[in-house]
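Dear colleague,

I am passing a structure on to you, together with some notes on what turned up in it. Please keep it open beside this email as you read.

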Amino acid sequence: MRDLVADEAERLRFIEQKAREVSRLFGYREVITPLVEHYELLAAKVGEDNRKRMYVFDDLGGRKVALRPEFTASIARLVATKMQSFPRPLRLFSVGSLYRYDEPQFGRYREFWQANYELFGSSKPEADAEILALTDSLLEEIGLRGYYFKVGHVGILRSILSHDGIAEDQQNSIMQLLDKKQYEDVLEATKKAGSPKSSLDTLDSLFETKGNDSETVTAEIGEIVKDYPEASKAARNLSEILGLLKAGSVEANFVIEAGFARGLEYYTGMVFEIYASGMDIAVGGGGRYDKLIELFSGGQVPAVGVAPGIDRLSLALQKQESSLSTIEKVVEPENRILVVAVDGSMLGEAFKVASRLRKESIVTVELETMGRSVSKALSDADRRGITHAVIVGSREMKEKKVVLRDMSERTQETIAIEQLLAKFGKQG
Ligand code: AMP
């Protein structure tokens, strides 16, 4: 697990802040769930790969617990219990750290951060479209460029397998193979599970069907699965979702891949991942999962959601350098002031000036705390990009004044404290 230092931490918080703003814009209320939950709850539907990667331990009360590998199970628990009587649709937002014993590599960590948006109670395509539109807003807000959505529909694939009588747990392992793009293995496993050649051919054709013209691609998919009534319905659903986004002028780039599946077991409909230029790993993913709440005895509650990965978005922004300036503006105020006492006797006054500045202004105010001389403190301030120094000396203080030094202009003036506050104040 990593320490996030300075820039890394600030970038993460910047994305978190934007994610929270977007949640408000779209009406998603925040929920905070525990980091540690019963193992059984977290393991129930997370998928074989992630189940094996959970941090599991016995607590002192002898309960088998685990660190959460995702938010969805905890939120599904909430919706099935405490929030069961909340009016629908229920829009929920959460953000925090997750834990998976992944093999650490570029963009893959054992502790990572996600924002999470889930919409419960609607099975309509407009709910799916909203989740995609919201994700697009977030990516725009943080200033990410050159990204695209890879979109599929596991309902189409699962319907074909169900049509051939393949049981759900077998379907789950087939979806995991698909997630890893092991198409040959998928066909082999499907054949073994009893699908006829016609279905294998259908799946094979689907694996080849992709493109970014949503109307053409969804029409092709419809044609390929026309002998499977449920799969045809699912294909129409995908076409409706994409049609809505087009009608709503959501201009993001959607690449439809009929053979695309995601590893988590609970997906039942539209699934998607987000890719950013310069990164070959997904920066976020999501989809529809209509059966998960039922699993927690919460009745039938359709749901669709997205989990943007904050660490990977941060990496993507870092790669797209010019975006960095946007972040710096947000995390660092334009003015950084250093308050220096001329000598020890003025420290109390320096503290007071610094406190008043912080209370009334939107600047960063640091106090010289190393006992350095004014000239040493100033040359250090210069090196660290401090924009202004406020020098607190007894002569000026008698008249309620201080010396204000502009570090870049290398000029200084004696000004009244009230004037200083006005200059850097919120109204200034
Ligand atoms: P998932 O929860 O597997 O659907 O993943 C959703 C998003 O979380 C991914 O697209 C990544 O951005 C992020 N993510 C998943 N696993 C990791 C990890 N080990 N390290 C960093 N980010 C991750």
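Glu208 has its place in helix H9, and I begin there. Please keep in mind throughout that this is a predicted model.

Glu208 belongs to a negative surface patch, which it forms together with Glu184, Asp185, Glu188 and Asp204. Two helices, H8 (183-192) and H9 (197-208), each supply at least two residues of this patch, and the largest share, 3 residues, comes from H8. Glu208 itself counts as exposed because its relative accessible area is 64%, and exposed means over 50%.

Helix H9 also holds a salt bridge, in which the side chains of Asp201 and Lys197 meet at 2.9 Å, taken from N to O. These two residues are 4 residues apart in H9, which is about one turn of the helix. Their surroundings can be described as well: Lys197 is exposed, at 58% relative accessibility, whereas Asp201, at 37%, is partly exposed.

A search of the whole structure finds 31 salt bridges, and some of them are joined to one another. Arg336, Glu366, Glu368, Arg372, Asp380, Arg383 and Arg384 are linked in a network of salt bridges. Within that group, Asp380 forms a salt bridge with Arg372, where the closest N and O atoms are 3.3 Å apart, and Arg384 forms a salt bridge with Asp380, where the corresponding distance is 3.1 Å. Is Asp380 buried or exposed? Asp380 counts as buried, because its relative accessibility is 9% and buried means under 20%. Its two partners are described otherwise, since Arg372 is partly exposed at 29% relative accessibility and Arg384 is partly exposed with a relative accessible area of 32%.

The last residue I would like you to look at is Gly259, which is found in the loop between strand S9 (253-257) and strand S10 (270-276). Gly259 is buried, with a relative accessible area of 4%. Which residues does Gly259 touch, if those up to four places away in sequence are not counted? They are Leu157, Leu178, Tyr183, Leu206 and Phe207. A further pair worth finding on your screen is Gly259 and Asp179, which are 80 residues apart in sequence, while their C-alpha atoms are 8.9 Å apart in space.

With best wishes

Terms used. Residues numbered from 1 in each chain as written. Predicted model: local features only at pLDDT ≥ 70, side-chain atom pairs only at ≥ 80, totals over all residues. Heavy atoms only, no water. Patch = residues over 30% accessible without salt bridge, like charges linked within 9 Å, V, L, I, M, F, W, Y side chains within 5 Å. Areas by Shrake-Rupley, 256 points an atom, 1.4 Å probe, with all protein chains shown as cover. Salt bridge = Lys/Arg side-chain N within 4 Å of Asp/Glu carboxyl O. Lys, Arg positive; Asp, Glu negative; His and termini not counted. Charge placed at Lys NZ, Arg CZ, Asp CG, Glu CD. Buried < 20%, exposed > 50% of the residue type's maximum accessible area, 1.4 Å probe, protein only. Contact = heavy atoms within 4.5 Å.
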